[in-house]
Amino acid sequence: MGKQLFYLFIISLLLCSCRTNNVKADLIITNANIWTGNSDLPKAEAMAIKADTILTIGLFDDIQKFKGSITEIKDVSGKFITPGFIDTHVHLLMGGNSLLNVALRDVDSKEEFINKIASFAKEIEPGQWIVEGNWDHTLWGGELPNKDWIDEFTGENPVAIYRMDGHMILANSAALKIAGIDENSPKVESGEIVKNKDGTPSGILKSEAMYLVLNKIPELTITEKEKAISAAQDYLVSQGVTTIHDVDSLGGYEILEKMNSNKQLKVRVYTADPLKYWKTTTKDEKNSKWLKNGLMKGFVDGSLGSHTAAFKDPYSDKPSDSGLFIVDKDSLNTWVINADKQQLQITVHAIGDLANSTILDVFDSVVVKNGKRDRRLRIEHAQHLAVEDIDRFSKLDVITSMQPYHAIDDGRWAEELIGHERIKTTYAFKSILDANTTLVFGSDWPVAPASPLYGIYAAVTRRTLDAKNPDGWVPEQKINVEQALRAYTKDAAFSSFDENIKGTLEPGKLADFVILNEDIFQIDPTSIKDVQVLETYVGGKRMFVHSELSN
């Protein structure tokens, strides 16, 4: 019996058992406009829930039989309901920590950049590191920040703040001194210590050079990690996110285990370990509906904005530069093949067209070496693709895990870096779907907001953040609302082998759902980013309610 037939058989037994034993629902949602994500029953008006599971879904008249004396009846007044959003690319601890640190993501001037850091430094203890930040120098004209901007305000606090793509940091003099970086520091393989005209370090460190400083930052304490994850969870459920794929656990798995044991998790988490640690990674036998591991995350290259994405041809604005590999192909090949032998799922970060082509070659070799099976290989970002590589994703059954917000962010300046031709296959959502490839969406939070609604808006409109592309940047790559919604729900669940328990609203699946104030299928797509999450339910329990409803 195939998996799908077996699954349907179990659901039938469950429903039969419910009727035979007179099982009553804990919660019935009624008067709703439900998009189920299930092609066999795409729309529904009511849903019955027992514990953390959907008993049945459909017409209210068919669901009344599950009403008991203590069943809660929730009339949502025609509001739109969707399966809970699954964000396939989150940096959980970094994101939570960013909520507790200096916030530079929207800073659009040198003066504001300096003032925010100076003000934050006044509020913290001497010796405490200033981290995260997530600044974007393109917002103030493109000048990279320099340690000289902030040294006079941060003499007692080492600074290591990320550019928003996570592949470049600004370190102040205090941090450079701790790391032993000066004008005599040697070149860093697969990285760069940017120098001022006089040969002294500017404070900008790219790719592997970042770790000269980052590795000196004291690890977060258990209490600090718990605080960061708690803050992250509250933020995520406020955005309608019910499951995340944490692509760099950064020592947070043990904290998540503790929180899971104490029933403190509000979102479901699939954690990733670094691919290079394949020898010491095993799947946790205690993997549950709330927390599981088994995903291995690797890197090929860096990012477009830092000129560390690896391309086949040079950058248009820097003809001597084609980017760089963070990990060489031979190492990637060894790690992927061996991790795959251990039945671990593999996902690899690739931005430039050369990086994507290279990891596709590696994935091809793992199939040849280890044989065919349902391994669901993934590429994170798949940002810039050579035309000849697009069909290879489908042929090799490689899932594209993409972040639509990046398209409307990078679209402000990407053409200047790589030219008119190469942008045609930048975040090529439609081309990927037309090639029959599985497309899933995430945010890359804290690099971008963890808002699936903003992500759907980005994928459907491709309007850049600077409002200069009202009809969409590379508009031929737009997709429709249902395609974008599937990428955040049904197909996202598939990308982590969870399609039998989540991603759609069906009998027998987890009761993870979101109530919105607007039907995103019916409104002007340009308004989707303004739609509000009213309530978020995970396992039938309300984890978030909008302030307007809670009063």
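This report describes selected helices, strands and residues of a predicted model.

Residues are numbered from 1 along each chain as its sequence is written, and side-chain values use heavy atoms, with hydrogens and water left out. Because the model is predicted, local features need pLDDT of at least 70 and side-chain atom pairs count only at pLDDT 80 or more, while totals for chains, interfaces and linings use all residues.

**Helix packing**

Helices (H or I, at least four residues) and strands (E, at least two) are DSSP runs, numbered from the N terminus. Helix 3 (residues 92-99) packs against helix 8 (residues 222-238) at an angle of about 90°, and their axes are 7 Å apart. Helix 3 is therefore roughly perpendicular to helix 8. Angles under 35 degrees count as roughly parallel, over 145 as roughly antiparallel, 65 to 115 as roughly perpendicular and the rest as oblique. The axes are lines fitted to C-alpha atoms, for helices over the stretch in contact, and angles run from 0 to 180 degrees between N-to-C directions. On helix 3, the contact (heavy atoms within 4.5 Å) is made by Leu92, Leu93, Gly96, Asn97 and Leu99. Helix 8 contributes Lys225, Ala228, Ile229, Ala231, Ala232, Tyr235 and Leu236.

**Sheet**

Four strands form an open sheet in the order 5-4-1-6, with mixed pairing. Two strands pair if DSSP finds at least two bridges between them. Strand 5 (53-58) and strand 6 (72-75) are the edge strands, each pairing on one side only. On average, neighbouring strands of this sheet are turned by 15° against each other, direction ignored. Strand 1 (residues 27-30) pairs with strand 4 (residues 46-50) in the antiparallel sense over three bridges. Leu27 has Ile49 of strand 4 as its bridge partner.

**Buried polar side chains**

Buried means under 20% relative accessible area, exposed over 50% and partly exposed in between (1.4 Å probe, protein chains only). Ser496 lies in the loop between helix 18 (490-494) and strand 21 (513-516). With a relative accessible area of 1%, Ser496 is buried. Its side chain makes a polar contact of 3.5 Å with the side chain of His245. A polar contact is a pair of N or O atoms within 3.5 Å; within protein, one must be able to donate a hydrogen and the other to accept it, and residues adjacent in sequence count only if both atoms are side-chain atoms. Not counting residues up to four places away in sequence, Ser496 touches His245, Tyr270, Lys292 and Gln345.

Asn356 belongs to helix 11 (residues 353-370) and is buried, with a relative accessible area of 0%. The Asn356 side chain reaches the backbone oxygen of His384 at 3.5 Å. Beyond its neighbours within four places in sequence, the contacts of Asn356 include Ile379, Leu385 and Phe393.

**Helix 16 and backbone geometry**

Helix 16 (residues 452-461) is largely enclosed by the rest of the structure, because nine of its 10 residues are buried. Among the buried ones are Pro452, Tyr457 and Thr461. Pro446 is in the loop between strand 20 (439-441) and helix 16, and the peptide bond from Trp445 to Pro446 is cis, with omega near 10°.

Most residues other than glycine have a negative phi, and most peptide bonds are trans. The table lists residues with a positive phi.

| Residue | Phi | Place |
|---|---|---|
| Asn31 | about 55° | loop between strand 1 and strand 2 (33-35) |
| Ser207 | about 45° | strand 13 (residues 201-207) |
| Arg462 | about 50° | just after helix 16 |

Asn31 is partly exposed, with a relative accessible area of 38%, whereas Ser207 is buried at 2%.
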